[in-house]
Structures are given as C-alpha cells and as structure tokens.
Protein chains: 2
Amino acid sequence: MLWSGWGDPAKASELPEPIRALLRDLLGVRAPETRAVGIEEVRLPAVTLPPPVLGELRAAVGADHVRCDDDARVRHTRGKSTPDLMRMRAGDGSEAPDAVVLPGSHADVLEVLRICAAHRVAVVPFGGGTSVVGGLTADRRGFAGVVALDLGRLDRLVSVDAESMTAEMEPGLRAPRAERLLARHGFTLGHFPQSFEYATLGGFAAARSSGQASAGYGRFDDMVVGMTVATPRGTLDLGRAPKSAAGPDLRQVILGSEGAFGVITSLRLRVRRAPAERAYEGWRFESFQAGSAALRRLAQEGPLPTVLRLSDETETMVGLARPGEIGALASGAGCLAIVGYEDTGESGPAGAGEDGAGGTTTGTGGGIASLRERVAAVLSGAGGVCLGPEPGESWARGRYSAPYLRDSLLAAGATVETLETAGFWSGLPRLYDAVRLSLHASLGSPLVMCHVSHVYGTGASLYFTVVTARSGDPVAQWETAKRAVSDAIVAAGGTISHHHGVGRDHREAYAAEIGELGVEILRGIKGRLDPEGILNPGVLIPPL
Amino acid sequence: MLWSGWGDPAKASELPEPIRALLRDLLGVRAPETRAVGIEEVRLPAVTLPPPVLGELRAAVGADHVRCDDDARVRHTRGKSTPDLMRMRAGDGSEAPDAVVLPGSHADVLEVLRICAAHRVAVVPFGGGTSVVGGLTADRRGFAGVVALDLGRLDRLVSVDAESMTAEMEPGLRAPRAERLLARHGFTLGHFPQSFEYATLGGFAAARSSGQASAGYGRFDDMVVGMTVATPRGTLDLGRAPKSAAGPDLRQVILGSEGAFGVITSLRLRVRRAPAERAYEGWRFESFQAGSAALRRLAQEGPLPTVLRLSDETETMVGLARPGEIGALASGAGCLAIVGYEDTGESGPAGAGEDGAGGTTTGTGGGIASLRERVAAVLSGAGGVCLGPEPGESWARGRYSAPYLRDSLLAAGATVETLETAGFWSGLPRLYDAVRLSLHASLGSPLVMCHVSHVYGTGASLYFTVVTARSGDPVAQWETAKRAVSDAIVAAGGTISHHHGVGRDHREAYAAEIGELGVEILRGIKGRLDPEGILNPGVLIPPL
C-alpha cells in the first residue's frame, strides 16, 4: 500500500487527454507548484511513550511486534481521505502514533489494552488503514502516547461450518485473502467494496462497510452473525443465533463502533456458495429520475440483481462508472446503470433483499438467465435501454480503480474527494439537490458527480464524487466545503454516511443526526467498556 | 381480552375427547380441585402512590386518563404466561399497579416520565398486555409506587409514504386495526404472530416480535426503519435511512429493550402491498431431521415461501399445528410442514430472506404459481410429500387459536406452556435434545412438542409446547422446570428467546447469554436514558 496514496504505485493510471482538458479548461486546475515529499522526508513527532510502557508492550506481544521505526509510524499515520493524503504528501506526520503494536491473539489484545489503560495510552485499532473519514487519528490530549494496534497478524480462517453456512474469521484478514481462503471451501463472502484490495474484515465490521454487490449479498453488517470483542474490561462474546428476541441486538452496538468500544478479534460470518457464473451489463435511462424510479421498482417489487448502480447525468458524461475507460466523454446522453448477476446456488444468484425488498432468485434451473430476463423486463418497462455487456464488463474491470484515479488527479493538481449519504426514497431528490447546491456554494464550479450505490425497499444511498481546482490551502478549502455539505445533509434529513463511517470527520454531523440522547447512549456504553477512554479517542463520540 | 386468560371468552374451545383421554390416560391430568376466582374476588394491594403524585399525573394527561379502580388495576396486572394466568385465577393480584395512566401524545409520555422520575414511581409501558415472559411486572422495591403506562390512546396511522413504502404508526395500535388502516392504502405489514389479535405495534418493536409469515415479510425488527422514543431524559429520534454506516445502529438498541430504556411513541415501518392471493398447504416428511434439512435448503438456496413451519413427530401426532382440528390423532406418521404463499406484488410474493437467504420471488408474471412450483421441487427432492391445501388451510384457520386452547387445557387441570430458542443450523439437534431432556428430567413424563417456527440462512428457531400433570403447587412446579430448561438452553449454546423476549422470566439466562460485559452495556445505556431507573425495573437487566 502506497504510504501517501492508494494501493500499488505500479497500477497508477495516466490521465487521458480529455480528462486533462476538462481539468484545465473547465475547472481551471493547474499543476501543483510543490512536489510530494518522499517517505523519508516526513516530519514525525518525537516518541512520547515512556520506555517502561514500551517494555511492557514488548513483553506482552514479543519485541518484534512493537515497532517504533519511522517507516512503521508513517505507514500507520492517518487513513486515505484526500486531506489525509494531502497532509502526507506535504510531509506532515504530526499525527503519527508513537508505536505500532501487532498482537498475535485475542489474549494479546486484552493484555495490550490492560497495559494501555493502566498507563493512559490511547489505542487506535488498525486494519487495512483505508479509513476515509479520519477514523485512524486519535486525540492525544490527556494521553501518555498513542499506539496503533495493527491487527495484521490475526489473519486466519479459523473454521468453516458448512451446515450453517458460516465461517469464523479473524479481523486482520484482508478481503482478497479472505476470499481465497473461503474459495477452497467453495464459499464467498460476496463483499466487494472499492477498498476491497486492502481493507480487512475487522474494518468492514467496525465501520459497517457496504459493497458493490450488496444488492445481492447484503451489507457486511448483515453478514456478521457472531463476534468476539476484546475491551479494556474483558471479553464480549455475542451472537448465538441468526436472530434473537433476547434484548437489544448487541452485535449492532459493536458494528459501527469504529474501535471506540472494543477490538473485534473474531467474526462469525455468513457465507455463500461461490458463484459459478457472473454477468454484468449496462443500461441507459433518459434521466437520473427515470433511472432511480426503475431501481426503486426493482428494490420494492423485485427481482433484485446482485449488482445495481446508477450514475447521474454528469457521472455518466465523464464516464466515472468505468474508470478504466474514463475520458471516453459524451458517450451518450442520459444516465448509465450497471446491472450485475452472480449465480451462487442451484436455485439462483445471491439475493439478499436485506431490508425485505423483493429479493432475488432465478427460475427453477439455476444459472442467471431467468433472473436476467425478469430484471430486463422491469428495466425495459421503466424506459431503460439495454447497452449489452460491454459497459458492465468495463465497470467490472475498473471496479477497484477509482482510488488509483484519485491519486492521478491529485498529482495533476486537482482536489478530488467522495462523500455519501442515504435516505428514504421520497427524500432522495431533496438530498441530491442539497448536496450539489452546497458543494457549488462552497467550491465555485466544481464537477459534482453522483450515483445511486445501494438500494433498499424503503430508500437508497447517494455517492458523490467532487473534483475542483485547488486553492492556496487545499486542505482548509476542502474542510470548509466538507463542513458545509455535512450540515446540508443533516438538514435535508439524510444520514451522514451510508458506508464510509463516522471517524473524526463526521463526528459533529453524526451527533446532530442522532441527537444529544443518542450521543449519551454512546457515552454510556463507552463508559462501561472503556472507562479510561483509551480506545480511539476522538473518533465517533464528540469530546465533552 | 379475558383478564385471567386469553382473548374473547366466547372463542374458548371444548377439548375433544381424544385430547381429554390423552391428558387423563397418558399424562395423569386430573380436574382441578379449586375453581378459578371471579375478577371481583382478586385480592389487590392498597394503592401506595401518594395522592399529590396522582394529582400531577391527572393534570398531565387528564383526570379521565388516570385510573385507580380495581377493574383497571386487575386488567393491567402481569401478562399472559401460564404462571401469570395461574396466579390470576387463584385471585392473587399482588403485582397490580397502583394506577393505570393513559397518555394521549408523545408530550404526555414525556411529562408522565418526568413526574414519575421526580417522585421515584416505577413505570411499566403496557401495550396489548400479551407478554409471556413477565415483561409487565415491575420490581417495586425502592419505589413510591407503580403505574402501568397504557399506550392504547396512541393508536393512529399518522401517515403513509407510498413512494418509500413506509408508514408512520403509533405504538398503541393493535395489529388487526393497524392492518385495517393500512389496507385502505393497499398495504400490509405482514406481521402475524400468534398474539396478533391483541398485541400492539409498540410491543412488537419493544420485544422483537416475529410472526408466522416472517419467512416472507421479515421479523418485526426488520420492519422498523425509524422511531421516536420518550425517555426520562427527553426524546430520541432515530432512523434517517434504511441502513447507515453512521455509528452503531441505535434503533437496534431500542428494539428489544422492553420498555427499560424508553417508551416508543411512534414507529416508521416498512410496508408491503397487500397480497392479492394466498395459499397454504401441508407437506409430510419422514422425520424431523429430514424435514429440517429440507427447510434449511430452502433457507440457504431459496426460494423461500412466505410461511414455513415444521412440526416434530410428537406435535404432528397431536395435531397441534392445526388447533381447530386438534385431536385428530395419529393423522399419519412423520412430520407435518406448513408452507404458505402470499402474493404481494407484480413480480412475486413477499420474500424477505432477512438474513440474506435465498430470498423469494416468483417468475415473471406475478401470482404464486411459479414460486409454489419451485418450492415444491425442492421439498419433493428432499423427500417431502405434498398433502395438498387442506392441512395448510386448516392451519390458517387455527393460526391464532393456540392461546384459547391453552385456556381449555388449564381449565381441564393440565399445565401447558410454551418456550422457544434459536441457534445455528449445526447446533440445532443438540439444542432440541437438551430442551427435551431437561423438561423430562424436571416434569416426569410431560408431553413435549416442537416445531421449527422460523428459518434463516444460518439457523432457525425451535418452538416447544409442554403439557404436563399439575403438582400441588403448579406455579412452583413450572418455575423449577423453567429454570432448568433455561439453563439447558444456555448450556447448549442457544439464545434464551427467539421471539418472546426476556422480561423477568428470562433475565438470568439472558445475563448468562450476553455475559457480564453485555449486561454492563445495558446498564450503561439505562444509566444515561433513565438515571432514576424508573422504567420497567426488574425487566431485562438483573438488579445489582
């Protein structure tokens, strides 16, 4: 993983000339005046962690698994939001942890938490490091130091229960390896977010990740049927059945807690049969409104395909749904939808219908043909025109490419960032307008693109990508725009995040969303599980 | 609602002779020596609530809406578990509230909670009064009195959002009226638990109800997309989107909280199109094991019908799946499954696949024929024999009759009670055996019947009915057996309740299930929302 950008530097893409022209002529983007620094130039603060504490940590997890070297510290500094990357490229390592600790077991995690609680050391659980909401930057005030708790050594597929179709897996498993391990048993999680190549299972759970195939396989929080959590007060073991009426669902308290309540050390996850057949195709709608209505109909009356996304007019024009072919501008009017089918069982493709939407299955014989036919009938009836497999396959090739594209845009001098929200169907037009208006008011004339990324029976999510010319202080420029657009989302009745999470960046908007008493619930839980407040301080819960 | 039994006394059924013979000859049940008392004979404790507090409550909600008369107090004493009914029939009104308060609005509820918190008066939220787990009996110790907060006046369908397919409904709505109000808009909730005739929407949410058609429509907790909650500390407004990554799902904290955290005053619920067509049928399997395997296959690979339940050999023999025809003993060997199909939309019947199972939809044309055909293919392939519609229609006619049947059995001198659990598929055989062994060990030779009541991709629930001869102290007899079987469920890895809830009766087993830290989470939340601890004290959370 590139320390100051995304993924494998070898996969960085050159921007095609039409995009360069768009940046230059439409947005007024200029090549940056300063070059990005090398990793050795990053300015790191002195390690403040007292040596005896480091000694205790080394005794707990082994000396090799406590690292204070510059390279480890830089690579555990912040996440992958655009402001994070801008700060790193400017050589600002001010938020680096003092040390990186790599526990090898649940017992190790308990012991590290005990030591850190005793010495008031803040602990930032670290999975793939892909947070885009400031989820990996602890508030140092009042602490003797900060350690990044890297869960990379907890990377086993512990067991598979083929009868229950569940697997026990460890939190440090990166998604591709998790898929490879499950594939040996004929299973898949079916969780493919844009961060797939680097993100970990623990991060998916802690931040309520949602993937590109969530229409078919469900969100990650739907997949978690059990978990073990290490806290400074001991161990939580949750999940004895798929569903229960025994009190509040405490799994749902840990899911989305972003390391502020405890460290997930094991997950029992629902698995599906690995698909025997996959197909993706493109559909064109006259307008975002018409396309949204078609998606709503699929979500409410079925059948749901496995993948379903709809770009608005601007995103369609720029071709962002197909990052591999970006720049094939003006590829047609209207809005492009990507529709995908994956066949995971004898009687049909994955179909979650996770909030009780129509659900998905094919006809009697397996395979995807019947489902595809029925989805096509709905989409055609709603005014859609099938573009055949090419746009779908192109989307599939580029499905993890957007973060690489961001690196190229940043290098070209643009500011580019994404944000997302969700709401009920009847409120989506207002939410869409509010976000666009706010971004235009803050940033002059940015390029604002949007797609419906996930659908449910009662609502959907909207995922925005913003590209704008950079001001003299691009971090401050974006942060000002981000505050305004977050306020606009809250005011328009949307949730501040559909799948990125809260972190530090959404903390105040989140507090406004759940209200004072909602924040009190979080404080009440944290006070019991983490009375010293060492777990990811500053994330999720506003300081008092 | 009968104060000492279930429902409309006019619907009480006479026990057929084969059942009387079974009770007499097989179980040794004898006619009770003492007659049940009349309502006017119930012994009530003196009202301890100070008159000034009653005055404040009257000022808050109107004098007509604060009742201290014996009739109101008796009708708000306890719930509908068998020990509850036994105590009521014996004239024991010792757990009656001092007063019944009927708020007319969210603001009324806030004010009542404020008054009660100021004077340390315990508040028991009361919907349909159908709890079977001691959810309506407050712990009086340390309180100036107890009021039952009857939500019956909060009974409006506030609004319908047809585009989002949601409805805002008040908690005091009983299910049949809720369905009638929604039917005017062409919608249904699709929630049909055995308590349907009397239970309320607020109770469904607070106790995580699950209905007979949950395979198709989902559990009630799946239907709740938003809620307003009154607490002693103020108002919680939750749910801005179907799903969110903004922190823990706080709706899931209130769902299942059984009135211990707050009073639900409004619900935003997902609705479905009212079905145009319904059909139910019976299937026979050679054994419970074979039938369970068939259900598992439907849950994991689809397609799921709308209703799916499987009786074990004993329940099949007694005919309990069809209470209207109970006593048609020895109606064939093996195990009876009830399979139902309801058509709620153009592209297919309700299919929730709520934990991401195969999901449900028919073929292209609507109607239930295609789904029925595909389900039949799976069931036949798994060794099932279709018995045609008669057993299904018979089940549908008697679907709310079992509680009436219990009254008749109690009157005949038997002890009859139900209990339920859920687990992952691979653990179900052990759970099934553990419950049966425990009941036999406690009760000699009881009649123990079981059915799989709900299925998920990763597991299922087991619902047990126990009939036994009565000892000299039948309440103590059952409570001893209940403690043992609860311990057995916990030891076998099951959850203590799949849809009845925790109340007081499952409190200790629940604490064992979620562990000390789980209980600490509950205490942390309660401490913030209800610092004086007035809300349903003694329910859900073990006293310190």
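**Exercise 1. The hairpin of β5(B) and β6(B)**

Task: In this predicted model, find which residue stands opposite B:D161 in β6(B), and state in which sense the two strands pair.

Solution:
- Step 1. B:D161 has B:T166 of β6(B) opposite to it.
- Step 2. Strand β5 of chain B covers residues 157-161, and strand β6 of chain B covers residues 166-169. The pairing is antiparallel and runs over 4 bridges.
- Step 3. Between the strands of this hairpin lie 4 residues, and B:M165 has a positive phi near 55°.

**Exercise 2. The open sheet of chain B**

Task: Give the strand order of the open sheet of 7 strands in chain B, and explain why one side of β15 and of β16 is left without a neighbour in the sheet.

Solution:
- Step 1. The order is β15-β12-β14-β13-β17-β18-β16, with antiparallel pairing.
- Step 2. β15 (385-388) and β16 (414-424) of chain B are at the edges and have a single partner strand each, so each has one side without a neighbour in the sheet.
- Step 3. From one strand to the next, the twist averages 25°.
- Step 4. β16(B) is joined to strand β18 (residues 459-469) of chain B by 11 bridges, and the two run antiparallel. In this pair, B:G423 is opposite B:A460 of β18(B).

**Exercise 3. Helices on the sheet**

Task: State which strands of chain B are touched by helix α11 and which by helix α13.

Solution:
- Step 1. Helix α11 (residues 288-301) of chain B packs on the sheet and touches β12 (277-285), β13 (307-311), β14 (335-343), β17 (447-455) and β18 of chain B. The direction of α11 makes about 160° with that of β13(B).
- Step 2. Helix α13 (residues 369-381) of chain B also packs on the sheet, where β12 and β14 of chain B are touched. The direction of α13 makes about 10° with that of β12(B).

**Exercise 4. Helix α11 in chain A**

Task: Compare the expected span of helix α11 of chain A with the distance between its end C-alpha atoms.

Solution:
- Step 1. The helix has 14 residues (288-301), and at 1.5 Å a residue these should span 20 Å.
- Step 2. The end C-alpha atoms are 20 Å apart, which agrees.
- Step 3. Among the buried residues of α11(A) are A:F288, A:L295 and A:L298.
- Step 4. A:G302 follows the helix and has a positive phi, near 70°.

**Exercise 5. The two copies**

Task: Work out what relation links chain A to chain B.

Solution:
- Step 1. A turn of 180° with a shift of 0.0 Å along the axis lays chain A on chain B, at an RMSD of 0.0 Å.
- Step 2. This is the relation of a two-fold axis.
- Step 3. Of the interface residues of chain A, 100% are interface residues in chain B as well, so the copies meet through the same surface.

How values were computed: Residues are numbered from 1 along each chain as its sequence is written. Chains are lettered from A and ligands numbered from 1 in the order in which they are written. This is a predicted model: local features need pLDDT of at least 70, side-chain atom pairs count only at pLDDT 80 or more; totals for chains, interfaces and linings use all residues. Side-chain values use heavy atoms; hydrogens and water are left out. Copies are superposed by least squares on the C-alpha atoms of residues with pLDDT of at least 70 in both. Contact means heavy atoms within 4.5 Å. The expected span of a helix is 1.5 Å times one less than its number of residues. Buried means under 20% relative accessible area, exposed over 50%, partly exposed in between (1.4 Å probe, protein chains only). Two strands pair if DSSP finds at least two bridges between them. Axes are lines fitted to C-alpha atoms, for helices over the stretch in contact, and angles run from 0 to 180 degrees between N-to-C directions.
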